[in-house]
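Trainee: Before we look at any single feature, could you show me how one reads helices and their packing from a set of coordinates?
Mentor: Gladly; let us take the features one by one, with the general idea first and the case after it.

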Amino acid sequence: MLPNDTVILAHEGAVARLTLNRPAALNTLDFAMVDALVAACDALARDGSIKVVVLAGAGKHFMAGGDIRTFHEAVHRPPAERHAIFEGLVDRIHYAIETFHRLDVPVIARVQGAVAGFGLSMVCACDLAIAADDAYFAAAYRQIGLSPDGGMSWSLPRLVGARRAAEILLLSERFGAADALAMGLVNRVVPVAELDAAIDKAVASIVAGPRGALKRTKRLLRQSSGSTLPEQLRAEAADFAACSSTDEFVEGVGAFVEKRLARFGG
């Protein structure tokens with residue numbers, strides 16, 4: 001059970017669906033959602049039954065960042081007190097970002113409507129992102145005198161390059177789904193009416209895939225930015241060899257030779 005209904009965690013077989021659930025507020029992040037998101041991520045981290053996670057926003061928007069009304073409640077507190085409140089808030093919500101990175105299953109962002117602030121950070125933290133053509137993006141931090149959180153200063157340059165990341169964060173201009181696709185922020189853009197079908201297709205592919213191999217692939221991708229080439233080559237060799245000793249490898253090779261679809265247990 002989550003502490004409140006600002007986040008919904010539902011399971012459909014091997015698929016976990018994590019939904020930000022404040023649609024009337026564009027799914028903006030308040031203190032209650034922080035508690036619920038941390039609890040949901042803790043549940044995901046302990047769940048060995050899932051093969052893929054879908055992260056979505058309820059209603060017409062993904063997430064428009066932090067709830068400014070929540071921030072405003074602290075404006076009149078002394079600076080030292082504000083410092084402590086928001087340092088604690090950000091440290092706590094960063095658990096969600098770390099969880100998306102550490103999970104050994106792919107996390108797919110279902111992106112629609114407004115994506116700003118921490119919402120953009122969460123999209124960057126996912127392994128795949130499929131966007132509707134009505135999606136629009138903005139860093140939005142500078143508008144309220146803040147620097148980024150949610151790992152955006154780490155993940156955004158790795159996705160779009162250093163110059164483009166600086167432009168997004170320093171100028172904070174709004175851009176659309178086509179631009180997000182062109183710069184590599186999202187994997188695909190589809191019409192709004194086709195978004196769920198596109199998500200379901202990606203989910204089905206992952207669920208039907210070789211779980212062990214995909215787990216190792218995600219880990220290799222995640223660790224590569226902090227590894228030297230020799231280190232990464234050794235890691236690839238170790239994981240390749242480990243995969244070759246599994247039943248998934250036997251099934252995959254057998255299916256190829258027999259000219260049939262592999263059955264990995266999905």
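**Reading helices and their packing**

Mentor: The crossing of α5 with α6 is right-handed, and the contact between them is made by Met152, Leu156, Pro157 and Val160 of α5 together with Ala162, Arg164, Ala165, Ile168 and Leu169 of α6. Please keep in mind throughout that this is a predicted model.

Trainee: At what angle do helix α5 and helix α6 pack, and how far apart are their axes?
Mentor: Helix α5 (residues 152-160) and helix α6 (residues 162-170) pack at an angle of about 130°, and their axes are 7 Å apart. Angles over 145 degrees would count as roughly antiparallel, and α5 and α6 are therefore described as oblique to each other.

Trainee: How does the pair formed by α1 and α3 pack?
Mentor: Here helix α1 (residues 31-45) and helix α3 (residues 79-102) pack at about 30°, with 9 Å between their axes. That angle makes α1 roughly parallel to α3, since the cut-off for this class is under 35 degrees. The crossing in which α1 passes α3 is left-handed. Among the residues that meet are Phe31, Val34, Leu37 and Cys41 in α1, and Ile85, Leu89, Ile93 and Phe100 in α3.

Trainee: Which span should α8 have, given its number of residues?
Mentor: The idea is to allow 1.5 Å a residue and to compare the result with the distance between the end C-alpha atoms; the 13 residues of helix α8 (residues 195-207) should span 18 Å, and the ends are 18 Å apart, which agrees.

Trainee: Which residues of α8 are buried, and which are exposed on its other side?
Mentor: The buried residues of α8 are Leu195, Ala198, Ile199, Ala202, Val203, Ile206 and Val207. They cover an arc of only 165° around the axis, which puts them on the same side of α8, while Ala197, Lys201 and Ser205 are exposed on the other side. The elements that cover the buried residues of α8 include the strands β2 (15-20), β3 (52-57), β4 (107-111), β6 (128-132) and β9 (188-190), as well as the helix α9.

Trainee: What does the reading give for α10?
Mentor: For the 16 residues of helix α10 (residues 229-244) the expected span is 22 Å, and the end C-alpha atoms are 22 Å apart, which agrees. In α10, Gln232, Ala235, Asp239, Ala242 and Cys243 are buried, and they lie on the same side of α10 because their arc around the axis is only 100°. The face turned away from that buried side carries Leu229, Arg234 and Phe240, which are exposed, whereas the buried residues pack against α9 (211-224) and α11 (247-258).

Trainee: Is Ser121 buried or exposed, and what does Ser121 touch?
Mentor: For a single residue one looks at relative accessibility, where buried means under 20%. Ser121, in helix α4 (residues 118-125), has 0% and so counts as buried. Leaving aside residues up to four places away in sequence, Ser121 touches Ile97, Tyr141, Asp149, Gly150 and Met152.

Trainee: How do Ala182 and Ala213 count by accessibility?
Mentor: Ala182, in helix α7 (residues 177-183), counts as exposed at 71%. Ala213, in helix α9, counts as partly exposed at 21%, and with residues up to four places away in sequence set aside, Ala213 touches Cys243 and Glu248.

Notes. Residues are numbered from 1 along each chain as its sequence is written. This is a predicted model: local features need pLDDT of at least 70, side-chain atom pairs count only at pLDDT 80 or more; totals for chains, interfaces and linings use all residues. Side-chain values use heavy atoms; hydrogens and water are left out. Helices (H or I, at least four residues) and strands (E, at least two) are DSSP runs, numbered from the N terminus. The expected span of a helix is 1.5 Å times one less than its number of residues. Buried means under 20% relative accessible area, exposed over 50%, partly exposed in between (1.4 Å probe, protein chains only). The arc is that of the directions from the helix axis to the C-beta atoms. Contact means heavy atoms within 4.5 Å. Axes are lines fitted to C-alpha atoms, for helices over the stretch in contact, and angles run from 0 to 180 degrees between N-to-C directions. Angles under 35 degrees count as roughly parallel, over 145 as roughly antiparallel, 65 to 115 as roughly perpendicular and the rest as oblique. A crossing is left-handed if the near helix is turned anticlockwise from the far one by less than a right angle, and right-handed if clockwise.
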